[in-house]
Structure formats: structure tokens, C-alpha cells
Amino acid sequence: MFEVLVNDEWVEQKPAHMDRFREKDSEGRVVLISFWNDAGVRLESTERQWRDSELLRTDALAILPDYPRGREKQVLLTYRQQLADYPQQADFPNGARPILG
């Protein structure tokens with residue numbers, strides 16, 4: 001979901017040229033705040049910031065030896081690998097983002 005900053009308030013709408021916007025994940029957490037570019041697509045630097053923040057957010061879980069366990073650990077490690085590979089996708093930065101799960 002996108003929200004655009006309009007008169008110092010966040011309004012749910014698709015960003016336009018150089019709008020200040022924020023994007024929320026499925027749980028309503030803000031995952032990035034940036035500017036929309038001329039073509040109306042995500043900027044590469046914005047996507048790299050998002051990817052880096054996701055890697056940082058999952059760092060602690062990835063190095064813990066006893067949590068998460070089993071399938072949950074494998075899902076987490078797969079997600080982190082997808083994040084690492086994300087910038088090499090042919091449609092980066094406008095393709096689908098990796099999803100944890």
C-alpha cells in the first residue's frame with residue numbers, strides 16, 4: 001500500500017512525479033519512505049534501501065543457532081538469499097519484491 005504526503009498528512013494513493021511517499025507491508029508497518037521518480041516507478045536506490053533494511057531486520061534471526069528451527073529457519077535463509085539476489089533480477093527495480101514466507 002502506498003501513502004503520499006499531502007499537506008503534512010499521509011493519504012492513501014498512488015504516488016505521482018516526485019511525491020514524497022511511504023510504502024507499508026501487509027501488516028501495516030512502514031517499510032520505506034522515499035520519492036517517486038519521473039517515470040512513476042521505484043528508484044533503484046529506494047529498492048536497495050528496502051532490501052538492505054530487510055537484511056538488517058533479519059540479521060539476528062539468521063545467526064541464532066537455536067531459533068528459528070527447522071522449516072522456519074530454512075524459510076528465513078531462503079528469503080535472505082532472495083534479498084541478496086534481488087538487485088540482479090532482470091526487471092529490477094520494478095519487479096516483485098521477495099516475500100518472507
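These are my notebook entries on the core, surface, pocket, peptide bonds and salt bridges of this structure, which is a predicted model.

**Entry 1, core.** I began with the largest nonpolar core and found six residues in it, namely Trp-50, Leu-55, Tyr-79, Leu-83, Tyr-86 and Phe-92. Helix 1, residues 44-63, and helix 2, residues 70-85, are the elements that give two or more residues to this core. I set beside this the general tendency of nonpolar side chains in soluble globular proteins to be buried together.

**Entry 2, surface patch.** I then looked up the nonpolar surface and noted a patch of about 260 Å², made by Leu-61, Leu-64 and Tyr-67. Leu-61 belongs to helix 1, and I recorded it as partly exposed because its relative accessible area is 32%, which falls between the 20% and 50% limits.

**Entry 3, pocket.** Leu-61 and Tyr-67 came up again in the lining of the second largest pocket, where I also listed Arg-57, Thr-58, Pro-68, Glu-72, Val-75, Leu-76 and Leu-100. Helix 1 and helix 2 are the elements that give two or more residues to this lining, and the pocket holds about 160 Å³ of space.

**Entry 4, cis peptide bonds.** I checked the bond from Tyr-67 to Pro-68 and found it cis, with omega near -10 degrees; Pro-68 sits in the loop between helix 1 and helix 2. The bond from Phe-92 to Pro-93 is also cis, with omega near 10 degrees, and I placed Pro-93 in the segment after helix 2. For context I noted that most peptide bonds are trans.

**Entry 5, salt bridges.** My search of the whole structure gave four salt bridges, and I followed up several of them.

In one, the side chains of Glu-47 and Arg-97 meet at 2.7 Å, N to O. Glu-47 lies in helix 1 and Arg-97 in the segment after helix 2, so this pair ties together parts that are 50 residues apart in sequence; I found both residues buried.

In another, Glu-54 meets Arg-57 at 2.8 Å, N to O, and both lie in helix 1, three residues apart, about one turn of the helix. I noted Glu-54 as buried because its relative accessible area is 6%, whereas Arg-57, with 43%, is partly exposed. Arg-57 is also one of the residues that line the second largest pocket.

I also looked up Arg-80 and Asp-59, whose side chains meet at 3.0 Å, N to O. This pair links distant parts of the chain, with Arg-80 in helix 2 and Asp-59 in helix 1, 21 residues apart. Asp-59 is partly exposed, with a relative accessible area of 32%.

Conventions:
Residues numbered from 1 in each chain as written. Predicted model: local features only at pLDDT ≥ 70, side-chain atom pairs only at ≥ 80, totals over all residues. Heavy atoms only, no water. Core = buried A, V, L, I, M, F, W, Y, C linked by side-chain atoms within 4.5 Å. Buried < 20%, exposed > 50% of the residue type's maximum accessible area, 1.4 Å probe, protein only. Helix = DSSP H or I, 4+ residues; strand = E, 2+ residues; numbered from the N terminus. Patch = residues over 30% accessible without salt bridge, like charges linked within 9 Å, V, L, I, M, F, W, Y side chains within 5 Å. Areas by Shrake-Rupley, 256 points an atom, 1.4 Å probe, with all protein chains shown as cover. 1 Å grid on protein atoms, 1.4 Å probe; cavity = no way out; pocket = protein on both sides within 12 Å on 5 of 7 lines; lining within 4 Å. Points joined across faces, edges and corners; volume = space filled by probe spheres on them.
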